[in-house]
Amino acid sequence: QTKGATNTSKDEPRVIILATGGTIAGSGESSTKAAYTAGKIPIENLLNAVPEMHKLAKIKGEQIAQIGSQDMNIETWLKLSNRINEIFENNEADGVVITHGTDTQEETAYFLELTVNSNKPVVLVGAMRPATAMSQDGNRNLLDAVMVAASPNSKEVGVVTAMNEAVFAARDVTKTVTTNMATFQSRNFGPIGLIYDGKVSYYYKTLRSPEKKFNVKGLTKLPQVEIVYGYADASPKAVKAAKEEGVAGIVYAGMGNGNFNAPVGEALADAAKSGILVCRAARAGAGRVTLFNEVDDKALGFVVADDLNPQKARILLMLALTETKDKAAVQDMFFKY
Ligand SMILES: NC(=O)C[C@H](N)C(=O)O
């Protein structure tokens, strides 16, 4: 079948659900107690638990992993990205839904935003209450995610998360609350769409997506990038350890506008001099890290993460380093993607 072929209006949309575990597939002993284990319930059970979604689309499920997303890893990211590219190249589906834990959902979403080469919808979904809990949120979230993936309005929105009645762009969304259902937010930009009564309405679209996605086909690992956290009276030990480890990049989660104290700054400059790509990000949770504020990035050899949070800056830096070590080129990516 032709690449990018679309359905006629009579055709039922086809959605493939790639399951990775998370609380949406979590199981506990009691419907009212908090204790549970993520990544227990197989995709077949989730498909049967929400019969309503089979009215929205022709659905197939695939179990890609069965983990709490705190155990998400680069190997699974590559597997997901390659499988989604294959699904769209072979025209196996009109949209993809990924069931995923919420802890690292924003990271997987951004990795896919940077590596999936299609304008068809890729929708990540999770839950904050396990499937066995009273008033669990997973079933409704899954139904809504399938609706978003099947909706013709979702073309061109890129990779998104759909949960708790809101759709967020992959690059903007972050988990903001440890246990509450309204955990996904974007403090800089807000949701791009709202879900209500089985429909999605879009309001914005990100302009910050690479025209040419990173090609990860055939890769089995990515260049190592570590995150170092900034705080008052921090010692330079973590930066030095990363340098000794031989990492390719360091994302520094700095104070305020990506600031560091003198000893950490010295260690970071030393790392940059040795050829490690050092990127300043912020622990603040909103706003941008700007070039040449209190820090002379040019003299010290640093790049800045713009508005990406440290965990997303790490993803962009790992992917950037698969293509180039040139600081100016990497900085350009942080300002464009
Ligand atoms: N709500 C959740 O999904 C949390 C869980 N630890 C996970 O990320 O898999």
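How many of the eleven residues of helix α8 (residues 310-320) are buried? Ten of them are, so the helix is largely enclosed by the rest of the structure. Keep in mind that what you're looking at is a predicted model.

**Around helix α8**

The buried set in α8 runs through Pro310, Lys312, Ala313, Arg314, Ile315, Leu316, Leu317, Met318, Leu319 and Ala320. As for what does the covering, the list includes helices α3 (105-115) and α9 (327-336), plus the strands β11, β12 and β13. A bit of background on helices: an α-helix has 3.6 residues a turn, so residues three or four places apart point the same way.

**The C-terminal stretch and its sheet**

UniProt, in an unreviewed entry, annotates residues 224-334 as "domain: Asparaginase/glutaminase C-terminal". That span is 40% helix and 18% strand, and its end C-alpha atoms sit 18 Å apart.

Now for the sheet with β11 in it. It is an open one with four strands, ordered β11-β12-β13-β14 and paired in parallel. β11 (225-229) and β14 (302-304) are the edge strands; each has a single partner, so one side of each has no neighbour in the sheet. On average, neighbouring strands here are turned by 25° against each other, ignoring direction.

Further in, β12 (residues 249-254) and β13 (residues 277-282) run parallel and are joined by six bridges. One of the pairings puts glycine 249 opposite leucine 277 of β13 as its bridge partner. Helix α5 (residues 237-245) packs on this sheet, where it touches β11 and β12, and its direction makes about 170° with that of β11.

**The ligand shell and Thr23**

Which residues are around the ligand? They are Gly22, Thr23, Ala38, Gly68, Ser69, Gln70, Gly101, Thr102, Asp103, Gly126 and Met128. By type, that shell splits into eight polar residues, two nonpolar and one charged.

Thr23 is worth a closer look, as the unreviewed UniProt entry lists it under "active site". Threonine 23 sits in the loop between β1 (14-21) and α1 (43-49). Leaving out residues up to four places away in sequence, threonine 23 touches Ala38, Gly101, Thr102, Gly126, Ala127, Met128, Arg129 and Pro130.

The strand leading into that loop is β1, and seven of its eight residues are buried, so it too is largely enclosed by the rest of the structure. β1 runs parallel to β2 (residues 58-67), with seven bridges joining the two. Within that pairing, leucine 18 has glutamate 62 of β2 as its bridge partner.

**Two positive phi angles, and three loop residues compared**

Most residues other than glycine have a negative phi. Glutamate 165 is not a glycine, yet has a positive phi of about 70°. Aspartate 233 is another non-glycine with a positive phi, at about 65°. Glutamate 165 belongs to the loop between β5 (159-163) and β6 (166-169), while aspartate 233 is in the one between β11 and α5.

Buried or exposed? Here are these two loop residues alongside threonine 23, with their neighbour counts.

| Residue | C-beta neighbours inside 10 Å | Status |
|---|---|---|
| Threonine 23 | 29 neighbours | buried |
| Glutamate 165 | 17 neighbours | partly exposed |
| Aspartate 233 | 7 neighbours | exposed |

The cut-offs explain the labels: 20 or more neighbours means buried, 12 or fewer means exposed, and anything in between is partly exposed.

Methods. Residues numbered from 1 in each chain as written. Predicted model: local features only at pLDDT ≥ 70, side-chain atom pairs only at ≥ 80, totals over all residues. UniProt positions renumbered as here; feature names shortened; annotations may be inferred. Pairing = 2+ DSSP bridges. Axes fitted to C-alpha atoms, helices over the stretch in contact; angles between N-to-C directions. Contact = placed C-beta atoms within 7 Å. Near = placed C-beta within 6 Å. Nonpolar A, V, L, I, M, F, W, Y, C, P; charged D, E, K, R; others polar.
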